[in-house]
Amino acid sequence: MMIKGIKVKLYPTREQEILLWKSAGIARFAYNWAKRFSDTYYRIFRKTVSCGAMRKHFTKLRRRKKYAWLNEVSSEIPQQAIKDFDNARTRYFEHISKLPKFKTKKKSKVSFFHNNNKFVVEDGYIQLEKIGKIRMSDESRLPRGRYKKDKIKVTNPRIKHNGRYWYLSVGIECEETPLKLNPDLSVGIDLGIKELAIVSNFEKPFCNINKTKSVRKLKKRIRRLKRQASRKYEKNRRGQQFIKTNNIRKLEQKIKILEQHLTNIRVNHTHQATNMIAKTKPSRIVMETLNVKGMLKNRHLADAVQEQGFYRFIQYMKYKSEKYGIKFIQADRFYPSSKTCSCCGNIKSDLKLSDRIYYCDNCGMILDRDKNASINLANYQSA
Ligand SMILES: [Zn+2]
């Protein structure tokens, strides 16, 4: 069994939207409350308060008149937020992440938990506790039915706002479909700057998405808006102090959305390329081991590497290989994939970075440099 993450866009009415904001606000309140409670408890008793104890205290708090507003949303929302804090705290104790911070209105993600037991899903609608039926659009991927009665389970259901719209994100369990792999097919992938990836069994390379017209336009727009924002900051400056006006806030929101859009395009492109490679059903995939230090020394190269998302590509390819049972290999850092002739094995030690075509003095082979490298990677024999 594996978990697949899905996203469902929500179309709340105005009244519903108010409740969604309230839910997110209460989740944030409970998280911060838990952090304060846990910190104070530790200061006084030199002991870590358990998650269960914090939840009990919070329930008492909710019964007080002053905190009646906490009861306007499902009680599971703050309870889960306290559990989220507890998890963040555990990650800190185990040195996995930093000390959990307070969630601020401006910086933290708008998100809250919803118990999946209470979901009722029908075509085009989902019913949420204390909020009611919300119109939604999903390409019929969310299981239909009364979740509790029909024993339907989804994992980690969260309702989020991304700056533009509300959506539900859940994980659903699905059967793994093992691919029938081709035992004789080994695929080599050469990552590049000009093109994203040159793959031994693909005639055409996977393009560098950052060079397409639409991405270039998008980047230009972001740059322009950023310049606008900094000009506005300069204009509203009082001595050493920068003042954030509503206009600046609006601009920043716009930039955030466009940047998110840009990331989505890049991530999608990587998914598409790695999917297509995995779908050729090789029994193994070989990639190079990137020389991080060397690449970061060259500023121009570093930017390109970051934009192209080499690490993301390797991560996705690795994960997809594991998923389908394909052997994933990273060649030794010093393996001369570019300098070797993929036809006769002769090594051309004077190959320059500017030589785009590989011409073999030994056997006369003429081939695109990166294509040659990808074939060598496909033929890589690990020591
Ligand atoms: Zn040769």
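Which residue in strand 11 is the bridge partner of Gly188? To get there, let's walk through this predicted model from the outside in.

Start with the overall layout. The chain is split into two domains: domain 1 covers 2–174, and domain 2 covers 182–330. Taken over C-alpha atoms, their centres sit 31 Å apart.

Now let's look at a sheet. It's an open one with four strands, lined up in the order 10-9-11-12, and the pairing is mixed. Strand 10 and strand 12 (327–330) are the edge strands, and each has just a single partner strand, so one side of each has no neighbour in the sheet. Going from one strand to the next, the twist averages 20°.

Strand 9 is a good place to pause. Spanning residues 182–191, strand 9 runs parallel to strand 11 (residues 282–287), and five bridges pair the two. Here's where the opening question gets its reply: Gly188 has Val286 as its bridge partner in strand 11. Val187 has a partner in that strand too, namely Ile285.

What about strand 10? Strand 9 and strand 10 (residues 197–199) run antiparallel and are joined by three bridges. One pair to look for is Leu191 with its bridge partner Ala197 in strand 10. The chain gets from strand 9 to strand 10 by way of a hairpin, with five residues making the connection.

Finally, bring a helix into the picture. Helix 9, made of residues 369–378, packs on the sheet and touches strand 9, strand 10 and strand 11. The direction of helix 9 makes an angle of about 140° with that of strand 9.

How values were computed. Residues numbered from 1 in each chain as written. Predicted model: local features only at pLDDT ≥ 70, side-chain atom pairs only at ≥ 80, totals over all residues. Domains from an automatic or database assignment. Pairing = 2+ DSSP bridges. Axes fitted to C-alpha atoms, helices over the stretch in contact; angles between N-to-C directions. Contact = placed C-beta atoms within 7 Å.
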